[in-house]
Structure formats: structure tokens, C-alpha cells
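User: I would like to go through this model and ask what stands behind each label. Please keep the answers short.

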Amino acid sequence: SGGINPISITPNTIANAITLTFSDPLEQKTEYALTISELSDCKGNIRLDIGINLVISEPAGAQDILLNEVLFNPKDDGVDFIEIYNNSEKYIEPSLLFIRYISTSGTMTIKRLFISEVMYPNTYLALTSDTAKLQSKYPKTTNLRELESFISMSNDGGSLTIFDMLGNTIDSIKFSEDQHFSLLKSVDGVSLERVSFSGSSTSPSNWQSASASVGYATPGYQNSQYIDLSPSTANYTLVSKSVSPDNDGYEDLLTLRYTTEEPETVLNGYVYNLAGTLVHHPFNNETLGSTGVISWDGVTDNGTKAPIGNYILLLESFTLDGKVTKKKLAFSVAGRF
């Protein structure tokens with residue numbers, strides 16, 4: 001960072017350590033490269049040009065670390081995994097965090113994240129009890145960390161919470177088999193992925209089955225269903241004007257991005273074909289935050305895909321003071337022929 005030199009260097013022979021003192025404190029959210037041109041020990045051994053990266057860690061606040069993916073119904077001989085994402089510009093120590101799992105029957109398990117490293121901004125970590133088994137099922141993995149006697153989750157779901165040493169909640173989700181893509185023949189070995197970092201952790205529409213194109217899970221790297229949302233001044237816009245509900249990782253969801261001016265706006269959404277027939281009611285009295293996304297997977301109430309063609313999404317929202325807004329958005333349902 002501009003060639004900062006220490007003002008003093010103090011060896012500690014008892015602790016086998018060296019203390020470097022700088023004139024000004026090192027800054028947070030900054031990575032420093034420490035270069036030691038020459039270092040020798042008492043026996044005369046010399047090492048040259050030693051490079052060390054230094055960062056100042058910070059405690060995680062709410063939503064700084066997000067639960068980003070969960071596999072709770074693995075294949076035979078497979079293992080569960082939980083993926084976390086650093087959604088901040090902080091350098092965070094996972095070892096100061098805990099994960100709590102509560103099964104649908106009420107059984108609770110709490111594990112501390114004993115990980116001897118700092119989690120860099122905008123990076124992923126996949127946590128599991130057996131990295132070798134996880135890699136055998138999903139060869140394209142990265143950023144895996146094995147934790148002894150890690151959480152084992154029930155196949156029917158439950159809830160997960162990340163919290164700090166003071167008990168403050170960092171992120172929390174609920175999940176179940178019902179959230180998977182309804183047309184999958186089997187959900188064994190299929191993870192649930194978060195669609196958007198800005199979307200609500202507890203909204204079912206912000207979670208989707210990992211796509212077939214990536215082998216149904218993405219341990220330690222960007223989700224197959226991830227949507228990058230840039231700011232929008234419009235109240236309601238579609239991220240893409242088409243949906244292809246085949247779980248191949250390409251436009252599997254019709255995603256509506258919204259911004260609201262008043263809190264607790266309630267939204268209804270209705271899908272009509274061009275003949276004016278109501279096809280589906282994907283958004284039913286959804287309470288919206290100030291900004292976020294909600295999604296529809298292209299499957300109608302009778303459990304089948306919406307036929308290929310063009311459609312209208314009619315949105316009706318109302319606020320606590322009675323203000324009503326209506327908007328129509330055109331989109332298409334695509335598929336393979």
C-alpha cells in the first residue's frame with residue numbers, strides 16, 4: 001500500500017514471533033502485501049523475499065454472511081453441505097460464527113465454524129463433514145472446508161441460522177423438499193440455491209433447485225440460478241422477458257425485480273395468455289420490502305409447465321393507505337422443440 005515501512009521490529013524468542021509496529025493503524029477493508037527481503041534464524045538459515053498478505057478482520061453484521069446453498073437430501077453415500085457467501089466488503093473470520101440447524105421435528109444442532117482462515121469479500125465457502133465424498137458426487141467443486149461431525153440435516157428440510165458469539169443473527173433460512181422444481185423426478189442430490197443476494201433469505205421464490213447443467217449443485221462457487229441485479233428506477237421490471245422452465249440453468253425462473261416507495265406493499269400477480277384466459281396466480285398477497293426480487297418457475301397450479309407462447313403478467317399492488325397500482329408486463333414461455 002504505497003511502501004509503508006514499520007517504525008520498529010521487535011523479536012519475541014519465547015513465542016517465536018516478530019512484532020511490527022507502524023506509525024499509523026492498518027486500514028480495514030484493505031489487503032496489504034508484506035514483503036520481507038531477508039530473514040535469518042539463530043543457526044544462520046536465511047530466507048529471501050518472503051511475501052505475506054495481511055488484512056484486518058471485522059465482525060460480521062446482519063446479512064454480511066449469507067446462507068447461499070444447501071444440500072439436505074444427498075445421493076446414496078453422499079453428504080450434506082451448506083454454502084455461505086461473504087456479502088460484504090469486510091474480511092471476516094468464520095471461526096467467530098456458529099450455525100444452528102433445527103429439524104422439522106424440533107431437534108436442534110449447533111456447530112461452531114472452526115475454520116482457521118479469513119473469508120475475503122464476495123467469496124464462497126462450502127461446509128461439509130467429508131470433502132472427499134462431496135467431490136466424488138460433484139467433481140466441479142472449490143472452496144470446500146471439512147468440519148468434523150458437522151450438521152446432518154433431515155431430508156424433509158428444517159431451518160438454518162448463522163449467528164455470532166453474542167447470539168446476534170447474521171442470516172436465517174427455512175427450507176423443504178417442496179421448494180424444489182416441481183417437475184424433477186427425484187430431488188436426491190439436488191441442492192437448493194439462492195437466486196439473488198438482495199432477495200429475502202426467507203422468501204421461497206428466492207430459492208430454486210440447482211440446474212441439471214451443473215450436475216444439480218454448485219459447492220463453493222457461483223450458483224447456477226444466480227441472478228445479478230443492477231439498480232432500477234422502475235417499480236416493477238422483469239429481469240428477462242422469457243422463462244424456460246426446464247431446470248437447465250438458463251432462464252429457469254421468471255424473475256420480477258421491484259422497488260417500492262412505501263413499506264409493506266402487498267402484491268398480486270396473474271398470468272394470462274393472449275386469449276385473456278387466466279393461466280396461473282404466481283404472486284399471491286406477497287408482502288414486499290423496499291427492494292428485491294420474486295420469481296415464478298413457469299409451473300401452473302395443475303403441476304404442468306405453462307405451454308410455449310406469449311403471456312401477460314398483470315400486477316396489482318396496494319399499500320396500507322389504500323394506494324393501488326396496476327401494471328402489465330409481456331413475457332414468453334420458451335422451450336425445446
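Analyst: The turns below take the labels one at a time.

User: What kind of model is this, and how many helices and strands does the protein have?

Analyst: The model is predicted. The protein has one helix and 22 strands. Its C-alpha atoms fill a box of roughly 85 × 45 × 40 Å along the principal axes.

User: What share of the residues counts as buried?

Analyst: Of the 337 residues, 43% count as buried. The accessible surface comes to about 17,700 Å². Carbon and sulfur atoms hold 50% of that surface.

User: Why is Ile9 called exposed or buried?

Analyst: The relative accessible area of Ile9 is 56%. Exposed means over 50%. Therefore Ile9 is exposed. Ile9 sits in strand β1, residues 8-12.

User: Which residues share a nonpolar surface patch with Ile9?

Analyst: Ile18 and Leu39 form the patch with Ile9. Together the three have about 270 Å² of accessible area. A patch residue needs over 30% relative accessible area, and Ile9 has 56%, so Ile9 passes that cut-off.

User: What makes Lys29 and Glu58 a salt bridge?

Analyst: Their closest N and O atoms are 3.1 Å apart. The cut-off is within 4 Å, so the pair qualifies. Lys29 lies in the loop between β2 (17-21) and β3 (31-40), and Glu58 lies in the loop between β4 (46-55) and β5 (65-71), so the bridge ties together parts 29 residues apart in sequence.

User: Are the two partners, Lys29 and Glu58, buried or exposed, or what lies in between?

Analyst: Glu58 has a relative accessible area of 10%. Buried means under 20%, so Glu58 is buried. Lys29 stands at 44%. That value falls between the cut-offs of 20% and 50%, so Lys29 counts as partly exposed.

User: How do you know that Glu117 and Arg145 form a salt bridge?

Analyst: The closest N and O atoms of the pair are 2.6 Å apart. A salt bridge needs them within 4 Å, so the label holds. Glu117 is in the loop between β8 (108-112) and β9 (124-128), while Arg145 is in strand β10 (residues 144-146). The two are 28 residues apart, and the pair links distant parts of the chain. Glu117 is partly exposed at 30%. Arg145 is also partly exposed, at 24%.

User: Why do Lys326 and Glu316 count as a salt bridge?

Analyst: Their side chains meet at 3.5 Å, N to O. That is within 4 Å, so the pair counts. Lys326 lies in strand β22 (residues 324-333) and Glu316 in strand β21 (residues 309-318), so the bridge ties together parts ten residues apart in sequence. Lys326 has 58%, over the 50% cut-off, so Lys326 is exposed. Glu316 has 24% and counts as partly exposed.

User: How many salt bridges does the structure hold?

Analyst: The structure holds five.

User: Which residues form a negative surface patch?

Analyst: The patch is formed by Asp76, Asp77, Asp156, Glu177, Asp178 and Asp188. Glu177 lies in the loop between β12 (169-175) and β13 (192-194). Its relative accessible area is 36%. A patch residue needs over 30%, so Glu177 passes that cut-off.

User: How many charged side chains of each sign does the protein have?

Analyst: There are 23 positive and 39 negative side chains. The centres of the two sets lie 4 Å apart.

Key
Residues numbered from 1 in each chain as written. Predicted model: local features only at pLDDT ≥ 70, side-chain atom pairs only at ≥ 80, totals over all residues. Heavy atoms only, no water. Helix = DSSP H or I, 4+ residues; strand = E, 2+ residues; numbered from the N terminus. Buried < 20%, exposed > 50% of the residue type's maximum accessible area, 1.4 Å probe, protein only. Areas by Shrake-Rupley, 256 points an atom, 1.4 Å probe, with all protein chains shown as cover. Lys, Arg positive; Asp, Glu negative; His and termini not counted. Charge placed at Lys NZ, Arg CZ, Asp CG, Glu CD. Patch = residues over 30% accessible without salt bridge, like charges linked within 9 Å, V, L, I, M, F, W, Y side chains within 5 Å.
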